[in-house]
Amino acid sequence: MDVKVIGLASDHAGYPLKQFVKQYLAEKGYEFKDYGTYSEDSCDYSDFGHALARGIEAGEVYPGIAICGSGEGINMTLNKHQSIRAGLCWIPEIAHLIRQHNNANVLVMPGRFIDEAMAAKIMDEFFASRHQARIDKIPVA
């Protein structure tokens, strides 16, 4: 995967796992930019999902990792952006498939439903997989 600076986003429920993600990325030698949130204080996932999507669209970061409690809300928010292909993953096999078959540019994880060991396996798979042909057919004029 052509990794630039990895964009990160979470809400309060995803914040603890995002802190682990930062540690994981640093240990792997990846640079990252955190679009928030910056604490476990209650907040809205959409604010940070949109910020991450705009960062990818502007070319500031690629790819992205987003986390909220279930993963669903931030995933829906990200996918409102035409150039974003976010995929929700709770096991490594899905991370492989969203890269290989959908060329996802944002990995979304459910912060309340996976532990750090699983998150590491999911990220390993996400960064190791890629496919482009099908993605060229997704945009609508």
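**Exercises on strand S5 and its surroundings**

Both faces of S5 are covered, with Val106, Val108 and Pro110 buried on one side and Leu107 and Met109 buried on the other. The model is predicted.

**Exercise 1.** Determine how many residues of strand S5 (residues 106–110) are buried, and state what follows for the strand.

*Solution.* Step 1: the cut-off for a buried residue is under 20% relative accessible area. Step 2: sort the residues by face. In a regular strand, side chains alternate between the two faces of the sheet. Val106, Val108 and Pro110 belong to one side of S5, Leu107 and Met109 to the other, and all are buried. Step 3: the count is 5 of the 5 residues, so S5 is largely enclosed by the rest of the structure.

**Exercise 2.** Find which strands pair with S5, in what sense and over how many bridges.

*Solution.* Step 1: take strand S3 (residues 64–68), which pairs with S5 in the parallel sense over 5 bridges. Within this pair, Val108 of S5 has Ala66 opposite. Step 2: take strand S4 (residues 86–88), which also pairs with S5 in the parallel sense, over 3 bridges. Here Gly87 has Leu107 of S5 as its bridge partner. Step 3: follow the chain from S4 to S5. The connection runs through helix H4 (residues 92–100), and this β-α-β crossover is right-handed.

**Exercise 3.** Place these elements in the whole chain and check whether its radius of gyration agrees or disagrees with that of a compact globule.

*Solution.* Step 1: list the secondary structure. The protein chain has 5 helices and 5 strands, and their order along the sequence is β-α-β-α-β-α-β-α-β-α. Step 2: compare the radii. A compact globule of 141 residues would have a radius of gyration near 14 Å, and the 13 Å of the protein chain agrees with this. Along the principal axes, the C-alpha atoms fill a box of roughly 40 × 30 × 25 Å. Step 3: turn to burial and contacts. Of the 141 residues, 51% count as buried. Among contacts with a separation of 6 or more, 70% join residues 24 or more positions apart. Step 4: consider the surface. About 6,900 Å² is exposed, and carbon and sulfur atoms supply 51% of that area.

**Exercise 4.** Decide whether Lys18 is buried or exposed, and identify its contacts beyond four places in sequence.

*Solution.* Step 1: locate Lys18 in helix H1 (residues 15–28). Step 2: Lys18 has a relative accessible area of 1%, so Lys18 is buried. Step 3: leaving aside neighbours within four places in sequence, the contacts of Lys18 are Leu8, Ala9, Ser10, Asp34, Gly36, Thr37 and Ile67.

Definitions and conventions:
Residues are numbered from 1 along each chain as its sequence is written. This is a predicted model: local features need pLDDT of at least 70, side-chain atom pairs count only at pLDDT 80 or more; totals for chains, interfaces and linings use all residues. Side-chain values use heavy atoms; hydrogens and water are left out. Buried means under 20% relative accessible area, exposed over 50%, partly exposed in between (1.4 Å probe, protein chains only). Helices (H or I, at least four residues) and strands (E, at least two) are DSSP runs, numbered from the N terminus. Two strands pair if DSSP finds at least two bridges between them. A crossover is right-handed if, with the strands pointing away from the viewer, the path from the first strand over the helix to the second runs clockwise. The radius of gyration is taken over C-alpha atoms; the globule rule is 2.2 Å times the number of residues to the power 0.38. Contact means heavy atoms within 4.5 Å. Accessible areas come from the Shrake-Rupley method with a 1.4 Å probe; for residues, only the protein chains shown count as cover.
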